[in-house]
Amino acid sequence: MRRARLAVLTALALLASACNGDNEPVPAAEYGERLFSDAKLSESQFNSFSCATCHSTTPTAPAERMDAGYTLYDSAFRKRWWGGYETRLLDAVNFCYVNFMRGVEPLSEDSPQSRALYEYLVSISPNQDAQPLPMTVVKNAADVPRGDRTRGQEVYRAACQNCHGELHTGAGRLTESASLLPEVTEDYDRVFPGVPHSLVVIEKVRHGQFFRVGGNMPPYSVEALSDADLGALLTYLDL
Ligand code: HEC
Ligand code: HEC
């Protein structure tokens with residue numbers, strides 16, 4: 001039954017597939033793979049994120065990456081996504097597309113883009129019985145014990161540096177809009193009087209743009225970043 005439905009979807013996606021420069025049709029999964037790492041998938045001129053900014057696609061995430069989002073290997077058939085909050089794959093994708101990539105309208109089910117992304121995700125999802133993954137959101141940001149500075153540097157490189165660039169200078173950052181760390185905290189006494197700087201950073205990391213924090217940075221669940229690693233990171237940031 002599922003196989004039959006997949007075959008129909010594959011046929012549709014092939015029909016919807018894009019053309020390359022020589023007007024040879026490109027298979028949908030291949031087009032989807034390209035879209036996956038293309039920030040221009042979003043029509044917003046203010047977006048510099050692609051799906052690949054926050055998701056790896058290998059069976060386990062590479063050691064040098066600690067992303068806010070899970071690897072999308074085996075993601076297509078999980079049945080529930082976003083820790084159970086989303087029950088349709090397209091809704092799970094659109095949540096990212098609209099909130100992080102500033103997509104103005106969610107991708108529609110029959111758009112060439114969403115079909116191609118679907119085919120790509122299916123192509124990296126060999127397990128049709130893959131189970132949903134947990135996602136524990138820290139509701140009330142609280143202080144965490146500080147950790148080891150060297151570990152903190154590793155965490156910074158794996159989790160933050162791609163977007164924020166090097167500490168203090170921002171060198172190599174993905175977008176100018178990503179604040180300088182830790183210098184952004186110099187304003188906090190004015191903006192958040194009486195709140196420890198570290199707590200503002202903890203809240204940002206745990207909540208991203210949600211819980212009225214604002215912006216378009218993704219939130220880190222406990223599974224994505226443990227309190228121990230967050231504590232090490234704060235030591236590295238001198239907070
Ligand atoms: C700025 C970071 C960011 C970007 C960009 C982003 N995502 Fe996500 N995505 C997340 C986070 C955080 C989650 C929640 C944790 C999780 O479930 O992986 C998530 C969840 C998901 C999930 C659910 C995974 C699961 O099993 O729970 C899918 C599927 C997904 N994203 C697909 C995409 C696709 C496709 C794109 C590009 C159109 C994209 N994401 C762009 C951060 C991002
Ligand atoms: C996918 C890209 C991305 C990643 C990964 C990322 N950030 Fe950000 N971050 C941003 C962007 C863009 C902004 C500015 C917009 C906003 O506030 O969301 C920002 C803003 C911030 C701010 C400033 C909030 C304020 O006071 O205005 C802090 C603090 C911060 N990030 C810390 C971190 C830390 C620590 C990490 C690693 C655990 C991290 N970020 C990972 C993109 C990212």
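A donor here is an N, O or S atom within 2.8 Å of the metal. With that settled, I will go through this structure, which is a predicted model, starting from its second ligand.

The iron atom of ligand 2 takes two donors from the protein, NE2 of His164 and SD of Met217, at 2.0 to 2.2 Å. These two residues come from distant parts of the chain, 53 residues apart. Histidine 164 belongs to helix H6, residues 149-164, while methionine 217 sits in the loop between helix H8 (197-207) and helix H9 (227-236). Both histidine 164 and methionine 217 are buried.

What is the geometry at this iron? Six donors count as octahedral if opposite ones are over 155 degrees apart and all others between 65 and 115. The 6 donor atoms around the iron of ligand 2 subtend angles of 87 to 180°, so the arrangement is octahedral. For reference, the ideal angles for six octahedral donors are 90 or 180 degrees.

Now the surroundings of that ligand. There are 23 residues around ligand 2, and those that come nearest are Cys160, Cys163, His164, Tyr188 and Met217. Tyrosine 188 places a polar side-chain atom 2.4 Å from an oxygen atom of ligand 2. Two backbone contacts can be added. In asparagine 216, a backbone N or O atom is 3.0 Å from an oxygen atom of the ligand. In methionine 217, a backbone N or O atom is 3.1 Å from an oxygen atom of ligand 2, and the side chain of this residue supplies the SD donor to the iron.

On to ligand 1. Which residues coordinate its iron atom? They are His55, through NE2, and Cys96, through SG, at 2.0 to 2.3 Å. This pair also links distant parts of the chain, with the two positions 41 residues apart. Histidine 55 lies in the loop between helix H3 (51-54) and helix H4 (89-99), and cysteine 96 is in H4. The iron of ligand 1 has 6 donor atoms at angles of 86 to 179°, which makes this arrangement octahedral.

Is histidine 55 buried or exposed? The cut-off for buried is under 20% relative accessible area. Histidine 55 has 15%, so it counts as buried. Cysteine 96, at 16%, is buried, and cysteine 54 is buried with 17%. As for disulfides, the structure holds 0.

Next, the aromatic rings. The count comes to 7 aromatic pairs. Ring pairs join Trp82, Phe95, Phe100 and Phe210 into a cluster.

Last, some backbone details. The peptide bond from leucine 181 to proline 182 is cis, with omega near -5°. Proline 182 is in the loop between H6 and helix H7, residues 188-191.

Two residues that are not glycine have a positive phi. Aspartate 74 has a phi of about 60° and is placed in the loop between H3 and H4. At 15% relative accessibility, aspartate 74 counts as buried. Arginine 102 has a phi of about 55° and lies in the loop between H4 and helix H5, residues 112-123. Its relative accessibility is 34%, so arginine 102 counts as partly exposed.

To go back to the two irons: the one in ligand 2 is held by His164 and Met217, and the one in ligand 1 by His55 and Cys96. That is where I will stop.

How values were computed
Residues numbered from 1 in each chain as written. Chains lettered and ligands numbered in written order. Predicted model: local features only at pLDDT ≥ 70, side-chain atom pairs only at ≥ 80, totals over all residues. Heavy atoms only, no water. Phe/Tyr/Trp six-rings, centres within 6.5 Å; stacked < 30°, edge-to-face > 60°. Donors = N, O, S within 2.8 Å, 3.2 Å for Na, K, Ca; no water. Tetrahedral: all angles 85-135°; square planar, octahedral: opposite > 155°, others 65-115°. Helix = DSSP H or I, 4+ residues; strand = E, 2+ residues; numbered from the N terminus. Buried < 20%, exposed > 50% of the residue type's maximum accessible area, 1.4 Å probe, protein only. Near = heavy atom within 4 Å. Polar contact = N/O pair within 3.5 Å; in protein donor to acceptor, adjacent residues only side chain to side chain. Disulfide = S-S within 2.5 Å.
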